[in-house]
Amino acid sequence: QVQVVESGGGLVQAGGALRLSCVSSEHTFSTYNMGWFRQPPGEGRQFVAAINWNGADTSYTDHAKGRFTISRDNGKNTLYLQMNSLKPEDTAIYYCAALRHWPSLPFDSWGQGTQVTVSS
């Protein structure tokens with residue numbers, strides 16, 4: 001599976017924006033469909049968004065549509081999640097992962113995640 005390191009989280013006020021990054025050292029990164037997932041406090045891990053291997057197709061969960069944008073730069077082995085109009089309920093640890101099945105079933109291989117905290 002693809003090993004990754006997430007970054008870009010932080011503390012932001014409601015209505016603000018953050019851009020998350022996910023970097024892989026794997027030369028096979030560009031061959032994988034990739035996804036973002038999140039784990040709110042006290043809850044299980046949830047699907048957020050997915051992008052196919054060449055960036056031509058994307059999928060979003062309802063809470064992300066219109067606010068979040070997933071993208072990738074295969075030349076940099078990097079996956080991104082632009083998050084706008086953030087809400088307190090977006091508070092979670094955000095993870096990226098390679099996808100076993102499109103669009104939301106990941107391989108069970110996770111980085112350390114990046115914490116996003118949205119204050120009201």
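About 5900 Å² of the protein is exposed, and carbon and sulfur atoms supply 46% of that area. Keep in mind as you rotate the view that this is a predicted model. The charged side chains number 9 positive and 9 negative, and the centres of the two sets lie 3 Å apart.

Now for the fold itself. You will find eleven strands and zero helices, so the pattern along the sequence is simply β-β-β-β-β-β-β-β-β-β-β. The radius of gyration is 13 Å, close to the 14 Å that the globule rule gives for 120 residues, so the protein is as compact as a globular protein of that length. Along the principal axes, its C-alpha trace spans about 40 × 25 × 25 Å. Among contacts with a separation of 6 or more, 54% are between residues 24 or more positions apart.

Let's step inside. Buried residues account for 44% of the 120 residues. The largest nonpolar core has 26 residues, and W36, L79, L81, M83 and Y94 are those with the most contacts inside it. Several strands each supply at least two residues of this core, including strand 3 (18-24), strand 4 (34-39), strand 8 (78-83) and strand 11 (114-119). Strand 9 gives the most, with four residues.

L81 is a good residue to zoom in on. Leaving aside residues up to four places away in sequence, L81 touches L18, R19, L20, W36, V48, A49, F68, T69, I70 and Y94. Apart from this core, there is a second, separate one of five residues, among them F37, F47, A50 and L99.

Conventions. Residues numbered from 1 in each chain as written. Predicted model: local features only at pLDDT ≥ 70, side-chain atom pairs only at ≥ 80, totals over all residues. Heavy atoms only, no water. Rg over C-alpha atoms; globule rule 2.2 N^0.38 Å. Buried < 20%, exposed > 50% of the residue type's maximum accessible area, 1.4 Å probe, protein only. Contact = heavy atoms within 4.5 Å. Areas by Shrake-Rupley, 256 points an atom, 1.4 Å probe, with all protein chains shown as cover. Lys, Arg positive; Asp, Glu negative; His and termini not counted. Charge placed at Lys NZ, Arg CZ, Asp CG, Glu CD. Core = buried A, V, L, I, M, F, W, Y, C linked by side-chain atoms within 4.5 Å.
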